[in-house]
Amino acid sequence: MRVSRRGLLAGTAAIAGLGALSVPAAALPNPFRWVRYNVTSKKGQDMLKSYAVAVRKMLDLPLSHPHNWFRNAFVHMMDCPHGNWWFYVWHRGYVGYFEQTVRKLSGNPEFAFPYWDWSELQELPLSMFAGVLTPTNEAYAKYTKDLPTFEREVKPAIQAYWNTLNADQLAQQKLRGYESFDDLWKAVMGWDPVNQKFSIGDQAFAITEKARYVPIDNRALPPKLAGECSFNDVNGGLAPAQFNASSPETSFTSIRTASHNDAPSKTGFFSILEGKPHNHVHNFIGGYFDAPGNWNPGPYGNMTNNLSPVDPIFFLHHANMDRLWESWSAKQQKYGLPDLPTGADRVDFDKDPFLFFVDADGKYVLNGKAGDYIHAARFGYRYDKLVPYVPTATKVAEGAAPLLLGASQDGGTVSLSAPAGRMIATITFERPTAMDAPRQFDVLVNAPADVKTVAADSPYYAGTVSFFGGLAAHGPAHAAHAAHNGGNRVTFVVPLPDRLAASRFARSPGAKLDVRLAPPTIQPDFPAPKLLAVEIHSR
Ligand SMILES: [Cu+2]
């Protein structure tokens, strides 16, 4: 019942909002028209059959067609935001149009994307290894057999598309750091603007046989990732009481920037759900993860970088991220809190131009804005099930400010001012710029100095923070900034494990928390960045 009511409310709000943009309400889809099912359900499995039909057709379309599979992936390469407050809304538009395209090409009028709930199914869905649902299928080889094939087949079509871009689109590319087609293509090839050379680990191109790393017979999430994806950790990610806030632990979304194509100018922060499970799942599927057998230092599969939509699983992962956004919105409504930016913030949020989406007719949507995609009702879908938020004793999710228990401006030990219950650590460090720098670091609490790396079951392990892609994946401008400043200051929010809250030291005032980073076990000798600041809040 709650889900249906939520859908109704969202639909009504969306119709009101779009009415202001002079779209006749009658032209809008019924917000209940389509249902996104869990991929593990019978209906979800049926949807995959239609999805495969559409993927096959898109692989067969000529590269001159915007619905060609690789052309579709380049929409993400050229325009996706990561690490800022437009992350969710942009991906809703991208997946939303693509869903309509699949509906049309598959001939299944009921099609809606199944989602991969990795909290429940802690392995890659088995059916995503069948036929063209894996990018390692031979049908992809005509594009990705090897690099010369890719350059010969794909590059001219992207160049031709680039030549059609209008002034507004070119302005967006410039914000991203692509002044010319050559800049874009250098990014595809893994150009590292910090070290001024190509980095194999940053290459967005992946050859067919290595397009996805995870094999069918070893598809379970490794233990650290399984923890990041657990219901408990996701619940922590749903707790922030504001859509966006300057204090990271209060913000559902990552840092506010001037444009979705803009990198943070000085310091950035990742929201919990983006900076932990979202990024970590991408890295895992593409081959960077903390267990024996990964491909460090690359080349990686598609999911580690901005051509990630080449792997069909991208859309199941992002349907789940979108479902988490819907779940958070439902929680906000339940507690009477705003589920979007308000006032002047909302105006700034809504007006950012999204100029690269392709609709179901193969037409570029040249007048889109972020505000067009704030409601799922825009695309007429809902989810069969949302994630119910489980409140904690601290009432933070109900709007109470997280209580600051202690802070250290130099990354040293934090003394807690009050007995702690559940805690959340806000940690800041400079992202290393070395080409072989790890994409993930583990967070350790009160670990003895001689502990260099930890396994998931270590008593000192408190979580993992993950970057999506190499430095350049956040845009050459971001990387260039790093080059001038010796790194990018970045903040992650890490809900600390419940067992820490239960431990004796956390219950006594004056208790000390020593938080630090450790390299992943696969790169034990890479020096972990020193924390520049640590804050501990109650949650
Ligand atoms: Cu993603």
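Student: Why is α4 described as largely enclosed by the rest of the structure?

Tutor: Of the 20 residues of α4, 18 are buried, a term that stands for under 20% relative accessible area (exposed is over 50%, partly exposed lies in between; 1.4 Å probe, protein chains only). The helix is therefore largely enclosed by the rest of the structure. This is a predicted model, in which local features need pLDDT of at least 70 and side-chain atom pairs count only at pLDDT 80 or more, while totals for chains, interfaces and linings use all residues. Residues are numbered from 1 along each chain as its sequence is written, and side-chain values use heavy atoms, with hydrogens and water left out.

Student: How do you know that the reach of α4 is close to what is expected?

Tutor: Helix α4 covers residues 87-106, where a helix is a DSSP run of H or I with at least four residues, numbered from the N terminus. Its span from the first C-alpha to the last is 28 Å, close to the expected 28 Å at 1.5 Å a residue; the expectation is 1.5 Å times one less than the number of residues.

Student: What follows α4, and what is the sign of its phi?

Tutor: Gly-107 comes after α4, and its phi is positive, near 75 degrees.

Student: What makes a residue a ligand of the copper ion, and which residues coordinate it?

Tutor: A donor is an N, O or S atom within 2.8 Å of the metal (3.2 Å for Na, K and Ca), and sites may look incomplete since water is not among the atoms. The NE2 atoms of His-278, His-282 and His-318 coordinate the copper ion at 1.9 to 2.1 Å, within the 2.8 Å limit. Along the chain, these donors follow the spacing H-x3-H-x35-H.

Student: Why can His-282 and His-318 be said to tie parts together?

Tutor: His-282 belongs to helix α12 (residues 272-286) and His-318 to helix α13 (residues 313-334), so the pair ties together parts that are 36 residues apart in sequence. As for accessibility, both His-282 and His-318 are buried.

Student: Why does Asp-183 count as buried, exposed or partly exposed?

Tutor: Its relative accessibility is 24%, which falls between the 20% and 50% limits. Asp-183 therefore counts as partly exposed. The residue is found in helix α9 (residues 181-188).

Student: What separates the C-alpha atoms of Asp-183 and Gln-173?

Tutor: A distance of 9.6 Å separates the C-alpha atoms of Asp-183 and Gln-173, and the two residues are ten residues apart along the chain.

Key: Helices (H or I, at least four residues) and strands (E, at least two) are DSSP runs, numbered from the N terminus.
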